[in-house]
Amino acid sequence: MSGLFQYSVAERLMRYVQIDTQSDPLSSSFPSTLKQKNLSQLLVQELLALNLVDAHSDEFGYVYATIPANTNKVVPVICFCSHIDTAPDCSGTNVKPLLHKAYNGEPLVLPDDANIIIDPEKDAYLTQHIGKDIITASGLTLLGADDKAGVAIIMNLVEYLYHHSSTPHGTIKILFTPDEEVGRGTNRLDIPKLGADFAYTLDGGALGTFEDETFSANGFTVHIEGVIAHPGYAKGKMVNALKVAAAILDQLPKTNLAPEVTEKKQGFVHPVRVEGLAEKAMIEFIIRDFETAQLAEHQACIKQIAQQVINQFPGATISFTEEEQYRNMKEIIDQYPFISKYAEEAYRKCGLPFNKEPIRGGTDGSRLSFMGLPCANIFTGMQAIHSKREWVGVADMERAVDVLVQLVQVWEEKGAGLTK
């Protein structure tokens, strides 16, 4: 990139993370928390200042904007997307971002809680940042680099193209979404209005990684109906639904099919919420696998366990509900190999490795791909996400900006005539 250009990605991240945008899985509104719109409104102001004249945020908190093409070639419209919300797993209120200049390789004891230590012995990726700047929170909250690092990277790209108008590119769409962390990031997205042909999310991890494969995912719930009676006169009558739920949980696989014992391409079943009273209870699961067909097999395993348990509690009954959450985006992206090919060329032009990895999770790209917008995922550098030990390397974010600058040029050079 031009030596005259000063990256703004670190400053942007540190500013954005101070705006609380934590989403809420128990909320029925959209977005799930109104405070997410505070960042949406700021981003619109910044995009307008960079001459993206159509930049706006809708009633749901989505941010849409367009960088017009500056080429005569007819090339596909590319979208870059990141989510503005932060995870419910850890507080995102009053985030205090800290810039650690020229990290010295020692464990980082965060100032607001001495028990929160970012230790290179436990996080080997830190050793690749010795002598480089990194950003953390202060120890009381997550940082929010997931995914405000992605937001900052995209905004830095917009800024670069504003100051380097001779960089050739087709039409580029900018999209920021709410509620990704609670699985609703695309629920109210207007795909026709967005008007993009292909997309990349900026929601990945280590430098040089590229992700075109995610879990397929279902939600699955076991509903338990017990038999209620006055506890003083319950002998031979009461069947406690909470005890049935506990027995089902106790029988779940412990050496396989659990997040704590699986890795790589292995799927799992994971209870995420138990709720109820003696009369009625429910167990909520998330079901994950890279092979979509395996989801039904995993659900059948839970059903079998639940049925065996309920047979030990005469009078109690069970039922099941399932919900499709997202699907492995590779099923769609493999139909358009140039999405990965062009990204690989951009990585190479930046002197970076191109490390394809599956995501043991999902991104907005999973849903977007099945909504008609094939979408892969590019690194941001974020590490230890959803925790107080979250951190990100400034150099990683800057290299991601470089990749986007090269990527729009690769699409302009080679994308003519490509269609979905």
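**Briefing: backbone oddities, a sheet and two voids**

Aspartate 179 is buried, with a relative accessible area of 0%. That same residue has a phi near 60°, a positive value in a residue other than glycine. Everything here comes from a predicted model, so read it as such. Besides the backbone quirks, there's a three-stranded open sheet to look at, plus one cavity of 30 Å³ or more, which is what a search of the whole structure turns up.

**Positive phi**

- Some background for this group and the next: most residues other than glycine have a negative phi, and most peptide bonds are trans.
- To find aspartate 179, go to the loop between strand E8 (172-177) and helix H4 (191-194).
- Leucine 257 also isn't a glycine, yet its phi is positive at about 60°.
- You'll find leucine 257 in the loop between helix H5 (241-250) and strand E12 (268-276).
- Is leucine 257 buried or exposed? Its relative accessible area is 14%, and with the cut-off for buried set at under 20%, leucine 257 counts as buried.

**Cis peptide bonds**

- Phenylalanine 30 and proline 31 are joined by a cis peptide bond, with omega at about -5°.
- Proline 31 sits in the loop between H1 and helix H2 (36-49).
- Aspartate 146 and aspartate 147 are joined by a cis peptide bond too, and here omega is about 10°.
- Aspartate 147 is part of helix H3, which spans residues 145-163.

**The open sheet and its helices**

- Three strands make up this open sheet, ordered E4-E7-E17, and their pairing is antiparallel.
- Strand E4 (98-100) and strand E17 (391-393) are the edge strands; each has a single partner strand, so one side of each has no neighbour in the sheet.
- On average, neighbouring strands of the sheet are turned by 25° against each other, if you ignore direction.
- E4 and strand E7 (residues 134-136) run antiparallel and are joined by three bridges.
- Which residue in E7 is the bridge partner of leucine 98? That would be threonine 136.
- Helix H1 (residues 9-16) lies across E4, E7 and E17, and runs at about 0° to E7.
- Helix H10 (residues 394-414) packs on the sheet as well, touching E4, E7 and E17, and its direction makes about 60° with that of E17.

**The largest cavity**

- The largest cavity has a volume of about 40 Å³.
- Its lining is made of Val75, Pro76, Ile78, His169, Gly170, Thr171, Ile172, Val408 and Trp411.
- Sorted by class, that lining has six nonpolar and three polar residues, and no charged ones.
- Two of the topics meet here: Val408 and Trp411 from the lining fall within H10, residues 394-414.

**The second largest pocket**

- How much space lies in the second largest pocket? About 190 Å³.
- The residues lining the second largest pocket are Leu50, Asn51, Leu52, Ile67, Pro68, Ala69, Asn70, Val158, Leu161, Tyr162, Ser165 and His169.
- Helix H3 (residues 145-163) supplies the largest share of this lining, namely three residues.
- By class, the lining of the second largest pocket splits into eight nonpolar, four polar and no charged residues.
- His169 turns up in the lining of the second largest pocket and also in the lining of the largest cavity.

Conventions
Residues numbered from 1 in each chain as written. Predicted model: local features only at pLDDT ≥ 70, side-chain atom pairs only at ≥ 80, totals over all residues. Heavy atoms only, no water. 1 Å grid on protein atoms, 1.4 Å probe; cavity = no way out; pocket = protein on both sides within 12 Å on 5 of 7 lines; lining within 4 Å. Points joined across faces, edges and corners; volume = space filled by probe spheres on them. Nonpolar A, V, L, I, M, F, W, Y, C, P; charged D, E, K, R; others polar. Pairing = 2+ DSSP bridges. Helix = DSSP H or I, 4+ residues; strand = E, 2+ residues; numbered from the N terminus. Axes fitted to C-alpha atoms, helices over the stretch in contact; angles between N-to-C directions. Contact = heavy atoms within 4.5 Å. Buried < 20%, exposed > 50% of the residue type's maximum accessible area, 1.4 Å probe, protein only.
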